[in-house]
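Student: I should like to go through this model and ask on what grounds each of its features is named.

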Amino acid sequence: MNTDSLVTIDGLTREDMLDIIRMASYFEEHPNHRILEGKVVATLFFEPSTRTRLSFETAVNRLGGRIIGFSDAATSSSSKGETLKDTIKMVSNYVDLIIMRHYLEGAARYAAEVTDVPVINAGDGANQHPSQTMLDLYSIYKTQGTLDGLTITMVGDLKYGRTVHSLLMAMRHFNPTFRFVACNELRMPDEYKLFCDKNGIRYSEHTDFSPAVIDTSDIIYMTRVQRERFTDIMEYEKVKDLYTLRNSMLDSSRPNLRILHPLPRVNEIAYDVDDNPKAYYFDQARNGLFTRQALICRALGIDPLAYKNHRP
Ligand code: CP
């Protein structure tokens, strides 16, 4: 596997993460630094996406590189039965970097193992979404001025939500306290609670999204209940609308509280929250562009030297 691949957030140290945040901050001020001239990047999306694909592609375009790929696997030869291995080996003949989203957990690792070209995991099933995590960390850093010692409340689909799984793992470097708010059907899986135990991370579980939880949070991370992960649609219908954040619920929240959501949202954040200054999810998506510019440069071993003197 190319060591510059980003398959899991666990592959990054605390220093790596702070370095990526510094580089993202640099790109926020210099989004059109044409540092990728002559590079070609593939975006292979076997699952739907708006933000991840478009922000990665914008990142490449603004940095002066070129993009190939597909946003719908039905238009690729995988629809004729070509294996993922063969697809990756073919695409590797053409590009310097592969960015891939796939519905199967472990697909990104497998892809990275069958090619020498670096691979960035843009989401693999319910497993990991490391570039989302890096933009989440950048958003938390920008709004809180630190990543250390924060109380983070995760709400909604904690069972299938790859964004919360990746964020939880990343935060092990920053002494967090987690609150997990979910119904019994969508609780945080045991493996992640075990991960917390092993890494000395404090957490508590709640079925009630109560004022006591909201008013003592620095970050509330809302998530969508993902219909596409359910095999039984009746099970989805039962749980899909259990947690909705409304503006009135924020009246006694901390001044520094920010509401994050990886998006897309369905019903879990009422529209009346959007105008609250604590709503940060659209800015969070914008931060994805700069963070992904940093991740692309890192994967390609390209160093915009100037960022090292940059203060986020
Ligand atoms: N947050 C996120 O992954 O959004 P998309 O599915 O639109 O890429």
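The dialogue below takes up the domains, the ligand site, the salt bridges and the backbone.

Student: How do you know where domain 1 and domain 2 lie in the protein?

Tutor: The model is a predicted one. Domain 1 comprises 9-128 + 289-310, and domain 2 comprises 131-285; these bounds come from an automatic or database domain assignment. The C-alpha centres of the two domains are 25 Å apart.

Student: What makes residues of domain 1 count as being in contact with domain 2?

Tutor: Contact requires heavy atoms within 4.5 Å. On that criterion, 29 residues of domain 1 are in contact with 26 residues of domain 2. About 2,300 Å² is buried between the domains, with 56% of it on carbon and sulfur atoms. Of the area that domain 1 buries against domain 2, 25% is supplied by Arg-14, Ile-21 and Arg-51, more than by any other three residues.

Student: Why is the pair Glu-28 and Lys-142 called a salt bridge?

Tutor: The rule asks for a side-chain nitrogen of Lys or Arg within 4 Å of a carboxyl oxygen of Asp or Glu. The side chains of Glu-28 and Lys-142 meet at 3.0 Å, N to O, so the pair satisfies the rule. Between domain 1 and domain 2 the count is five salt bridges, and 13 residue pairs are in polar contact there.

Student: Which elements supply the side of domain 1 that touches domain 2?

Tutor: Helix H1 (14-29), helix H2 (51-62), strand E3 (97-102), strand E4 (119-124) and helix H10 (281-300) each supply at least two residues. The largest share, eight residues, comes from H1. By class, this side of domain 1 has eleven nonpolar, ten polar and eight charged residues.

Student: What makes Ser-49 a polar contact of the ligand?

Tutor: The cut-off is 3.5 Å between N or O atoms. An oxygen atom of the ligand is 2.6 Å from an N or O atom in the side chain of Ser-49, so the pair qualifies. A ligand oxygen also lies 2.8 Å from a polar backbone atom of Thr-50, and one is 2.9 Å from an N or O atom in the side chain of Arg-51. The residues around the ligand also include Arg-101, His-129, Gln-132, Pro-262 and Leu-263.

Student: What makes the salt bridge between Glu-185 and Lys-238 a link between separate parts of the sequence?

Tutor: Their side chains meet at 4.0 Å, N to O. Glu-185 is in the loop between strand E6 (177-181) and helix H7 (190-198), and Lys-238 is in helix H9 (residues 233-239), so the pair ties together parts 53 residues apart in sequence. The count by this rule comes to 20 salt bridges.

Student: Why are the bond joining Leu-263 and Pro-264 and the phi of Asn-175 singled out?

Tutor: Most residues other than glycine have a negative phi, and most peptide bonds are trans. The bond between Leu-263 and Pro-264 is cis, with omega about 5 degrees; Pro-264 is in the loop between strand E9 (258-260) and H10. Asn-175 is not a glycine, yet has a positive phi of about 50 degrees, and its place is in the loop between helix H6 (162-170) and E6.

Methods: Residues are numbered from 1 along each chain as its sequence is written. This is a predicted model: local features need pLDDT of at least 70, side-chain atom pairs count only at pLDDT 80 or more; totals for chains, interfaces and linings use all residues. Side-chain values use heavy atoms; hydrogens and water are left out. Buried area is the accessible area (1.4 Å probe) that two parts lose on being put together, summed over both. A polar contact is a pair of N or O atoms within 3.5 Å; within protein, one must be able to donate a hydrogen and the other to accept it, and residues adjacent in sequence count only if both atoms are side-chain atoms. Helices (H or I, at least four residues) and strands (E, at least two) are DSSP runs, numbered from the N terminus. Ala, Val, Leu, Ile, Met, Phe, Trp, Tyr, Cys and Pro count as nonpolar, Asp, Glu, Lys and Arg as charged, and the others, Gly among them, as polar. A residue is near a molecule or strand if one of its heavy atoms lies within 4 Å of it.
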